[in-house]
Amino acid sequence: MHRLPRRQISRDLTRVANAPVSDVLEAIGDTDVPPAFRIGITGPPGGGKSTLINALVAERLGNSLETTLAVLAIDPASPVSGGAILGDRIRMDAIADLPGLFIRSLSSRGARNGLCDNVVDLLALLEGHGFSEILLETVGVGQSEVAVHEVVDTLVVIVPPDAGDSVQTMKSGILEMADIVVVTKGDQPGAQRMAADLAAVLRARAGREPPVIQTQSSGVGVAELSAAITAHHRWVTEQRPATLSREKRRIYHLKALIERQIHEALRSDQQIAQGTLSQSYDRLLANLRVT
Ligand SMILES: Nc1nc2c(ncn2[C@@H]2O[C@H](COP(=O)(O)OP(=O)(O)OP(=O)(O)O)[C@@H](O)[C@H]2O)c(=O)[nH]1
Ligand SMILES: [Mg+2]
């Protein structure tokens, strides 16, 4: 049985989440642990992600005593889904005490891509704590939310039967990135049709056709989903050498750090836009070296 240092992990996450870029590397710590298997769960607000994760977590932990699982839920913190944080807490309390499980909900601080701008730092920190799997919940519907694809191994896109117009947006965005598609709320009218519609759209695409799985909050379909996730992970591991995944992640992480450093440097220098363009450019570069 695993006894996770939950308070310590939680404190570390808070520290990294609030650290300026200059302090982030130290806060994460240089660890040499194998990367965790990262699973992304994304889909429209209120689509049933947290409910699904609740059931999925029990399923994945139940299968193995070796598995330790961290759930990181990114709350958009917008007025629309402002209730999400409380909702997540209520629903996830039921599983929060499972051995080997750690759950944390974080605000995306208004980032437009559905992720915290420092989500890669947080994932690296969790990996440093030795989790074998990390589940990342993000709200995503449109083109701008595809960033999540870059930071996970297996992307599960959920679509509720009542998704309405947002399905069209998803078809030209996040659905193209899906490794597995889940139609949630299978007890509601339209679920069957939604699943058939999505399967048809995905079948028409070249390349690997993602499975479409129907789930219900009663637990129907969750074992099937977990098996599909494991199968996809196996496929990825066979297709792509681990070194390549690690390099891809490293580059994404570097880009994220530098991007934030640019924002920090721009914010701290009110005069940056004065003078010629090349003067501004030099000044920004100089600021970056200082911060
Ligand atoms: N009828 C039905 N309702 C469901 C099912 N799964 C989830 N819901 C309901 O859908 C609502 C949203 O569920 P959540 O799991 O919080 O959805 P979410 O995608 O995590 O929501 P946000 O984090 O706010 O974006 C809740 O009221 C759930 O009770 C289901 O299988 N059937
Ligand atoms: Mg949720």
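Reader: Is Thr 215 buried or exposed?

Author: Keep in mind that this is a predicted model. To sort a residue, look at its relative accessible area: under 20% counts as buried. Thr 215 comes out at 2%, so it is buried.

Reader: Where does Thr 215 lie?

Author: You'll find Thr 215 in the loop between strand E7 (212-214) and helix H9 (222-239).

Reader: And which residues is Thr 215 in contact with, leaving aside neighbours within four places in sequence?

Author: Here contact means heavy atoms within 4.5 Å. Among the partners of Thr 215 are Leu 52, Val 182, Val 183, Thr 184, Lys 185 and Gly 186, and the list also includes Val 220.

Reader: Let's try Gly 43. What is its place, and is Gly 43 buried or exposed?

Author: Gly 43 belongs to strand E1, which covers residues 37-43. Its relative accessible area is 0%, so Gly 43 is buried. Setting aside residues up to four places away in sequence, Gly 43 touches Lys 49, Thr 138, Val 139, Gly 140, Ile 158 and Met 170. You can also look at spacing: the C-alpha atoms of Gly 43 and Val 181 are separated by 9.8 Å, with their positions 138 residues apart along the chain.

Reader: Now the metal. Which are the protein donors of the magnesium ion (ligand 2)?

Author: They are Ser 50, through OG, and Glu 137, through OE, lying 2.1 to 2.2 Å from the ion. Ser 50 sits in helix H3 (residues 49-62) and Glu 137 in strand E4 (residues 133-139), so this pair ties together parts 87 residues apart in sequence.

Reader: Are those donors, Ser 50 and Glu 137, buried or exposed?

Author: Both Ser 50 and Glu 137 are buried.

Definitions and conventions
Residues are numbered from 1 along each chain as its sequence is written. Chains are lettered from A and ligands numbered from 1 in the order in which they are written. This is a predicted model: local features need pLDDT of at least 70, side-chain atom pairs count only at pLDDT 80 or more; totals for chains, interfaces and linings use all residues. Side-chain values use heavy atoms; hydrogens and water are left out. Helices (H or I, at least four residues) and strands (E, at least two) are DSSP runs, numbered from the N terminus. Buried means under 20% relative accessible area, exposed over 50%, partly exposed in between (1.4 Å probe, protein chains only). Donors are N, O and S atoms within 2.8 Å of the metal (3.2 Å for Na, K and Ca); water is not among the atoms, so sites may look incomplete.
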